[in-house]
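Biologist: Could we go through this model together? I would like to start with its pocket and then turn to the charged pairs and the packing.

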Amino acid sequence: MFKGKVVIVGASNVGSAVLTKLLDFQLASEIALIDLNENKCKGEALDANDATSCIHSLNIRTYHGDYSDCKDADLIIITAGPSIKPGEKADRLILSKTNCKIMSSVMSEIVKYTKDALILMITNPLDVATYHVSTQFDYPREKIIGTGTMLETFRLRRIIADRYHIDPKNIHGYVLGEHGNSAFTAWSTVNVAGLGLEHVDEYFHFNDKLDKKAIEQALVNRAYDIINLKGYTNTGIAMVAARFTKSFMYNEHTILPMSAVLEGEYGLSDVALSIPRMICADGIVRSFAPHLPKEELDLLYASAESVKKAIASAKE
């Protein structure tokens, strides 16, 4: 049963945006913020409490907390650790060693107080961090969920929807693999409002065909475009965190692309990647391996190799 207590570890750009979305959508009754920068935590908490006092129906208590607040938390959202900055190499995997050390520090504290809370991973490199947390600590794996390629999938739907001037919710399909440069669009899963994909340009009277390669490149570039323009990404991933939180809160049994350690799907193991998985209030309850054509399988295996190399480098 999701009672509504959420702990956010990391109160910088991403953590504060996640806090805002949880408040906007009233997805918690109590939120504890943890960060090495205690003044930032206290300021965010005070600001959030002022915001909730403006809405008569909203009574969410937000405060600067510590790891002991994890003991009765329903959900712990981990955003701690540095991110790619403007001008740096456009590859999240370069953060592997630094952020795995930070994840070890964070999880060492969390497990002192709970092994029951759901853990939502946002820290990059997402798949490496998710793998590290899942394999280095005696914590139930079904309760560790990486946001994975949910954001890329949102972006894919928006790009296609903008082309045809339709509701993004009419676009179905997945971006799979790494949350990063080796992510790929599983075009075999993409569908536009039940109309399929092969004839959609005909239905919408487009003379030019959907440029899949251009869309794939736009997906890879989107995060780095945002970073170079505003300095960081936070709003999109915060909305993803809100979507996952809603799934837990309402025990939805919904299917979303998310990262977790593979258990033999596609013959892969010892790596975390995004594939479609079903989640509810208990965490991951089922994983799916969609039938992919060879060219997409090859991309999945290449993505697995990329993440495995980063995992190995983090251990050195």
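Modeller: A word on classes beforehand: Ala, Val, Leu, Ile, Met, Phe, Trp, Tyr, Cys and Pro count as nonpolar, Asp, Glu, Lys and Arg as charged, and the others, Gly among them, as polar. Please also keep in mind that this is a predicted model.

Biologist: Understood. How do the residues of the lining of the largest pocket divide into those classes?

Modeller: The lining holds 18 nonpolar, 14 polar and 7 charged residues.

Biologist: And what volume does the largest pocket have?

Modeller: Its volume is about 840 Å³. The lining comprises 39 residues, and those closest to the centre of the pocket are Ser12, Thr79, Ala80, Gly81 and Pro82.

Biologist: Which helices each supply at least two residues of that lining?

Modeller: Helix H1 (13-24), helix H3 (96-110), H5 and helix H7 (212-230) each do so. H3 gives the most, with 4 residues.

Biologist: Changing topic: how many salt bridges does the count come to?

Modeller: The count comes to 17 salt bridges. One of them joins the side chains of Glu30 and Arg61, at 3.3 Å from N to O. This pair links distant parts of the chain, since Glu30 lies in strand S2 (residues 30-34) and Arg61 in strand S3 (residues 61-64), 31 residues apart.

Biologist: Is Arg61 buried or exposed?

Modeller: Neither label applies: Arg61 is partly exposed, because its relative accessible area is 48% and the partly exposed class lies between 20% and 50%.

Biologist: H5 came up for the pocket. Which residue meets Arg158 in a salt bridge?

Modeller: Asp162 does, with 3.1 Å between N and O. Both residues belong to helix H5 (residues 150-164); they are 4 residues apart, so about one helical turn separates them. Arg158 counts as partly exposed at 41% relative accessibility, and Asp162 likewise counts as partly exposed at 43%.

Biologist: What about Arg163; with which residue does it form a salt bridge?

Modeller: Arg163 pairs with Asp201, and the closest N and O atoms are 2.8 Å apart. Arg163 lies in helix H5 and Asp201 in helix H6 (residues 200-203), so this pair ties together parts that are 38 residues apart in sequence. Both Arg163 and Asp201 are buried.

Biologist: Which residues are joined into one network by salt bridges that share partners?

Modeller: The network consists of Lys5, Glu30, Arg61, Asp69 and Asp72. The Glu30 and Arg61 bridge discussed earlier has both its residues in that network.

Biologist: Let me ask about Glu44. Where is it found, and why does it count as buried?

Modeller: Glu44 is found in helix H2 (residues 38-52). It counts as buried because its relative accessibility is 19%, and buried means under 20%. Leaving out residues up to four places away in sequence, Glu44 touches Ala11, Ser16, Leu19 and Leu33.

Biologist: Now the packing. Which residues touch the most other members of the largest nonpolar core?

Modeller: Val6, Val18, Ile31 and Phe244 do, in a core of 37 residues. Helix H8 (residues 235-249) gives the most to this core, with 7 residues.

Biologist: What does Phe244 touch, not counting residues up to four places away in sequence?

Modeller: Phe244 touches Leu120, Ile145, Gly146, Thr147, Met150, Leu256, Pro257, Met258 and Ile279.

Biologist: And which residues does the second core include?

Modeller: That separate core of 24 residues includes Tyr67, Ala80, Ala129 and Ile144. Ala80 was also named among the residues closest to the centre of the largest pocket.

Key: Residues numbered from 1 in each chain as written. Predicted model: local features only at pLDDT ≥ 70, side-chain atom pairs only at ≥ 80, totals over all residues. Heavy atoms only, no water. Salt bridge = Lys/Arg side-chain N within 4 Å of Asp/Glu carboxyl O. Buried < 20%, exposed > 50% of the residue type's maximum accessible area, 1.4 Å probe, protein only. Contact = heavy atoms within 4.5 Å. Core = buried A, V, L, I, M, F, W, Y, C linked by side-chain atoms within 4.5 Å. 1 Å grid on protein atoms, 1.4 Å probe; cavity = no way out; pocket = protein on both sides within 12 Å on 5 of 7 lines; lining within 4 Å. Points joined across faces, edges and corners; volume = space filled by probe spheres on them.
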